[in-house]
Amino acid sequence: MGPFPNEPLRITNPATGELIREVPAADPAAVDAALARARAAQPAWAALPFAERARILRRLARALRDDPTFADTICAESGKPRFEAEGIEVFYILELTRYYTGRKGRRALADDVRRPFVFVNKRARVVHHPRGVVAVIGPWNWPLLNNYGDCVAPLTAGNAVILKPSEHTPLTSLRVAELAREVGVPDGVFQVVPGRGDVGAALTAAADMIFFTGSASTGKQVAQAAAARLVPAVLELGGKSPMIVLADADLPRAARAAVWSGFAHSGQVCVRTERVIVEAAVADRFVELAAAEIARLRQGPPSLGKPDTADVDVGAITFAPQIDRAERLIADAVAHGARIVTGGARRTDLPGRFFAPTLIDGATADMAVIREETFGPVLPVMRVPDAEAALRAANDSPMGLSGSIWSGDASRARALARRLQAGSVCLNDAMVNYFVVEAPLGGIKASGSGFRHGPEGLRQFCRLETIVEDHPLLAWLSPLLGRELMTFPYKSRTQRLLQRFMRLFY
Ligand code: NDP
């Protein structure tokens, strides 16, 4: 491991510009120590009955909910409205923990006994073992949901987890680690190592599995490092999710959903609506409705210490370079003939880093705002002649994370959805798929590989072992089938029997 830059991380509130705290960055010795503690703690954690691990994780989820300043910490380091910190991030942890620590989670991890067709005297027992130490590397946009949130499944499955939050937003994760200690998560089972990319790289070089959420460029480095050691890596990368609005859609609802899914957390959301593709016949009306929705949005710093108040809809830009990116994409769109309907600039009247929600009409496939991930408060609208053109435009992207289709005809929408190149699609809704934790959600194409949620999202944190054993009731068949069929010396009679069998059954 090379030397790490050891300056502390300076965490500022993006909505006010104020310094919140300095956090010491982990050095190589701290990463090694965390790995050693995790390795030592993991076997005992895995050996606990499922119900016991579940109880502890549920206690932790409730502790986050009940901690009086927890949501404020999320708001302060990310600049997002309290509703998003609490109503989205904390709610998600409770819901995900409920699901994975309940009956469905227990069943997904239980031994799976399978009956063979030919060797009826045998049975196969598929055992789910935890992989060992899982490194979860998180982004800055959801300090809880995409950080501790992605630790819930590997912990449930009996792994030890080391979480490396983004250097810009580590405070929420550090608070989760404190609460974990308080509620009795055994020492070393869940650890947070704050630091920069080098800490992520060091973990990637040592963990038994990596769950990474972030940009495609870092994701490729993680995948290469994991491949070199032949350990699995799940990659949740960016998106360019389309919203297709057909002429028969409920336009007011579609416009409201476009504005919410485009500007929640100022657009810094992986499954956000990145582009709206509207049938030309209803495009004017759609743009008018969306602009009216945007005009109603209240933008500003979230009020801290006011748990019952939702006084802000759109918060700050967490990561400064996102503003430059928004400006570049808007300028490029305008230079190529698009029209800014509303927004288009930073909010210099507000204290911190704010950018006005920006609606762009007349976007076309050659514009950067349609080709690149914006990950910010810019929503381009593209007009297309019909549903087939909408689908072609939607699939014309290197990414494939999420998407939504709006139509009054459910079966038509479903048929289109099956042809949309995305890991997860909503019909007549947007982004709600992230909260349907029962079903897998993950990217295809350059949006990543692997998923979160569902039994699939839990079992991927296990290595499988198959144990083939005698069936307790049919073992008497063994001399006939097992021992005589597949053993030396080969006999002509058995060979003829097999030939007959192969002709009869296949
Ligand atoms: P980055 O790729 O810059 O960083 C992600 C994490 O990886 C950070 O913790 C970062 O540390 C760390 N890291 C940096 N270099 C390395 C390395 N060499 N090895 C291992 N880890 C490293 O992404 P952002 O934080 O900028 O997140 C935004 C991106 O995440 C967007 O593109 C967005 O679409 C995507 N995203 C995807 C989601 C999904 O579910 N598919 C969900 C949320 C976001 P540090 O911050 O300290 O540099």
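A crossing of two helices is called right-handed if the near helix is turned clockwise from the far one by less than a right angle, and left-handed if it is turned anticlockwise. Keep that handy for the exercises below, and remember that the model is predicted.

**Exercise 1. Work out how helix α2 sits against helix α7.**

Step 1: get the geometry. Helix α2 covers residues 50-66 and helix α7 covers residues 171-183; their axes come within 9 Å and cross at roughly 130°.

Step 2: turn the angle into a word. That angle makes α2 oblique to α7, since anything over 145 degrees would count as roughly antiparallel and 65 to 115 as roughly perpendicular.

Step 3: add the hand. The crossing of α2 past α7 is right-handed.

Step 4: see who touches whom. From α2 come I56, R59, L60, A63 and L64, and across from them in α7 are V176, L179, A180 and V183. Sort these by class and the α2–α7 contact has eight nonpolar residues, no polar ones and one charged one.

**Exercise 2. Do the same for helix α3 and helix α4.**

Step 1: α3 runs over residues 70-78 and α4 over residues 82-100, with axes that come within 9 Å and cross at roughly 120°.

Step 2: the verdict on α3 and α4 is therefore oblique, and their crossing is right-handed.

Step 3: list the contact. α3 brings F70, A71, D72, I74 and C75, while α4 brings R82, A85, E86, E89 and V90. The class tally for α3 with α4 is six nonpolar, no polar and four charged residues.

**Exercise 3. Which word describes the packing of α3 on α7, and which residues make the contact?**

Step 1: the angle between α3 and α7 is about 160°, and their axes are 9 Å apart.

Step 2: α3 is therefore roughly antiparallel to α7, the cut-off being over 145 degrees.

Step 3: on the α3 side you'll find F70, T73, I74 and E77, which meet L171, T172, R175, V176 and L179 of α7. This contact of α3 with α7 splits into five nonpolar, two polar and two charged residues.

**Exercise 4. Take the salt bridge between E86 and R82 apart.**

Step 1: the closest N and O atoms of E86 and R82 are 3.1 Å apart, which passes because the cut-off is within 4 Å.

Step 2: place the pair. Both are in helix α4, four residues apart, so about one helical turn separates E86 from R82.

Step 3: check the burial. E86 is partly exposed at 33% relative accessibility, whereas R82 is buried at 8%.

**Exercise 5. Find the state, buried or exposed, of each partner in the R296 and E293 salt bridge.**

Step 1: the R296 and E293 side chains meet at 3.2 Å, N to O.

Step 2: R296 counts as exposed, with 56% relative accessibility, because the exposed class starts over 50%.

Step 3: E293 has a relative accessible area of 15% and is buried.

**Exercise 6. Which parts of the chain does the salt bridge of E327 with R346 tie together?**

Step 1: the closest N and O atoms of E327 and R346 are 2.9 Å apart.

Step 2: E327 is in helix α12 (residues 321-335) and R346 is in the loop between β12 (339-342) and β13 (358-363), so the bridge ties together parts 19 residues apart in sequence.

Step 3: for accessibility, E327 is partly exposed at 32%, and R346 is partly exposed at 41%.

Step 4: zoom out. The count of salt bridges comes to 34, and a network of them links D111, R123, R125 and E469.

**Exercise 7. Describe the surroundings of P351 and H336, one in each loop.**

Step 1: P351 is in the loop between β12 and β13. P351 is exposed, with a relative accessible area of 58%.

Step 2: look along the chain, then through space. P351 and A15 are 336 residues apart in sequence, yet 6.8 Å apart from C-alpha to C-alpha. With neighbours within four places in sequence left aside, P351 is in contact with A15 and P301.

Step 3: now H336, in the loop between α12 and β12. H336 is partly exposed at 42% relative accessible area.

Step 4: H336 and T364 are 28 residues apart along the chain, with 8.4 Å between their C-alpha atoms. Leaving aside neighbours within four places in sequence, the contacts of H336 are D366 and M367.

How values were computed
Residues are numbered from 1 along each chain as its sequence is written. This is a predicted model: local features need pLDDT of at least 70, side-chain atom pairs count only at pLDDT 80 or more; totals for chains, interfaces and linings use all residues. Side-chain values use heavy atoms; hydrogens and water are left out. Axes are lines fitted to C-alpha atoms, for helices over the stretch in contact, and angles run from 0 to 180 degrees between N-to-C directions. Helices (H or I, at least four residues) and strands (E, at least two) are DSSP runs, numbered from the N terminus. Angles under 35 degrees count as roughly parallel, over 145 as roughly antiparallel, 65 to 115 as roughly perpendicular and the rest as oblique. Contact means heavy atoms within 4.5 Å. Ala, Val, Leu, Ile, Met, Phe, Trp, Tyr, Cys and Pro count as nonpolar, Asp, Glu, Lys and Arg as charged, and the others, Gly among them, as polar. Buried means under 20% relative accessible area, exposed over 50%, partly exposed in between (1.4 Å probe, protein chains only).
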